[in-house]
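Visitor: I have just opened this one and would like a short tour. Can we go through it piece by piece?
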Amino acid sequence: MGVALALARDAGANGDVPVGAVVVRSDGEIVGRGANVREASGDPTGHAEVIALRDAARHLGRWRLDDCALVVTLEPCAMCAGAVLAARVPVLVLGAWDAKAGATGSQWDLVRDARLSPKVDVIAGVRAAESALLLAEFFAARR
């Protein structure tokens, strides 16, 4: 989560919402990194999770990330939850919950929906205060 938080800080410094994500293999190796780049790239899919999953797939040479965990500073939205499912990521570690758009346990729970397969283990609240503070400071400076 420390690496994800550093990526989030960089995103915030570049004018994007400060969210960072890493993909970690079961042996502990970080194989993908991402930060929000929607503002920087003009890409509506430029969420940290999508960038990290793409980076991991490139690094590993495969789309199936079934031996990896996604670690992200903010609960994924519906698009990112779908990307987690599509990549077959079995474990999601998140920092802060997203009460507005969260789709992995707060507003919706796509990754554990009985109608979808496979299911994802969600570990929430890891360094949540730090993650939430980054977001609060970012938005406070813009209001």
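Visitor: Where is Pro118 found?
Guide: Pro118 is in the loop between S4 and strand S5, which covers 121-123. Keep in mind that this is a predicted model.
Visitor: Which residue does a cis peptide bond join to Pro118?
Guide: That residue is Ser117, and omega of the bond is about 0 degrees.
Visitor: Let me step back. How many helices and strands are there in the protein?
Guide: The protein has five helices and five strands. Along the sequence they follow the pattern α-β-β-α-α-β-α-β-β-α.
Visitor: What radius of gyration does the protein have, and what would a compact globule have?
Guide: The protein has 14 Å. A compact globule with 143 residues would be near 15 Å, so the two agree. Along the principal axes, the C-alpha atoms fill a box of roughly 40 × 30 × 25 Å.
Visitor: How much of it counts as buried?
Guide: Of the 143 residues, 44% count as buried. The accessible surface is about 7000 Å², and carbon and sulfur atoms account for 55% of that.
Visitor: And the charges: how many positive and negative side chains are there?
Guide: There are 16 positive and 17 negative side chains. The centres of the two sets lie 2 Å apart.
Visitor: Moving inside, how many residues has the largest nonpolar core?
Guide: That core has 27 residues, and Val23, Leu65 and Leu70 have the most contacts inside it. Two or more residues each come from strand S1 (20-25), helix H3 (48-60), strand S3 (68-74), helix H4 (78-86) and strand S4 (91-96).
Visitor: Which element gives the most to this core?
Guide: H3 does, with five residues.
Visitor: What does Val23 touch, leaving out residues up to four places away?
Guide: Val23 touches Glu29, Ile30, Val31 and Gly32. It also touches Ala52, Leu53 and Ala56, along with Cys68, Ala69 and Leu70.
Visitor: What does the second, separate core include?
Guide: The second core has twelve residues, among them Ala4, Leu5, Ala35 and Val93.
Visitor: What about contacts over the whole chain: what share joins residues at least 24 apart?
Guide: The share is 55%, counted among contacts between residues at least 6 apart in sequence.
Visitor: Back to S1. Is Arg25, which is placed in that strand, buried or exposed?
Guide: Arg25 falls in between: its relative accessible area is 24%, so it counts as partly exposed. The cut-offs are under 20% for buried and over 50% for exposed.
Visitor: Which residues is Arg25 in contact with, beyond its neighbours within four places?
Guide: Those are Val31, Leu60, Asp67 and Cys68. For a long span, take Arg25 and Ala101: they are 76 residues apart along the chain, and their C-alpha atoms are separated by 27 Å.
Visitor: New topic. What lies in the loop between H4 and S4?
Guide: Pro90 lies in that loop, and Arg88 has its place there too. Arg88 has a positive phi of about 65 degrees although it is not a glycine. At 30% relative accessibility, Arg88 counts as partly exposed.
Visitor: What is Pro90 in contact with, again without its sequence neighbours?
Guide: Pro90 is in contact with Leu65, Asp66 and Cys68, and also with Lys119, Val120 and Asp121. Its relative accessibility is 27%, so Pro90 counts as partly exposed. Pro90 and Leu53 are 37 residues apart along the chain, with 13 Å between their C-alpha atoms.
Visitor: What is phi of Arg127?
Guide: Phi of Arg127 is near 55 degrees, a positive value in a residue other than glycine. Arg127 is in the loop between S5 and helix H5 (128-140). With a relative accessible area of 38%, Arg127 is partly exposed.
Visitor: One more. Where is Leu110 found?
Guide: Leu110 is in the loop between S4 and S5, the loop that also holds Pro118. Leu110 counts as partly exposed at 25% relative accessibility.
Visitor: And what does Leu110 touch, not counting residues up to four places away?
Guide: Leu110 touches Ala78, Ala81, Leu85, Ala103 and Leu116. Leu110 and Phe138, 28 residues apart in sequence, are 27 Å apart in space, C-alpha to C-alpha.

Methods:
Residues numbered from 1 in each chain as written. Predicted model: local features only at pLDDT ≥ 70, side-chain atom pairs only at ≥ 80, totals over all residues. Heavy atoms only, no water. Helix = DSSP H or I, 4+ residues; strand = E, 2+ residues; numbered from the N terminus. Rg over C-alpha atoms; globule rule 2.2 N^0.38 Å. Buried < 20%, exposed > 50% of the residue type's maximum accessible area, 1.4 Å probe, protein only. Contact = heavy atoms within 4.5 Å. Areas by Shrake-Rupley, 256 points an atom, 1.4 Å probe, with all protein chains shown as cover. Lys, Arg positive; Asp, Glu negative; His and termini not counted. Charge placed at Lys NZ, Arg CZ, Asp CG, Glu CD. Core = buried A, V, L, I, M, F, W, Y, C linked by side-chain atoms within 4.5 Å.
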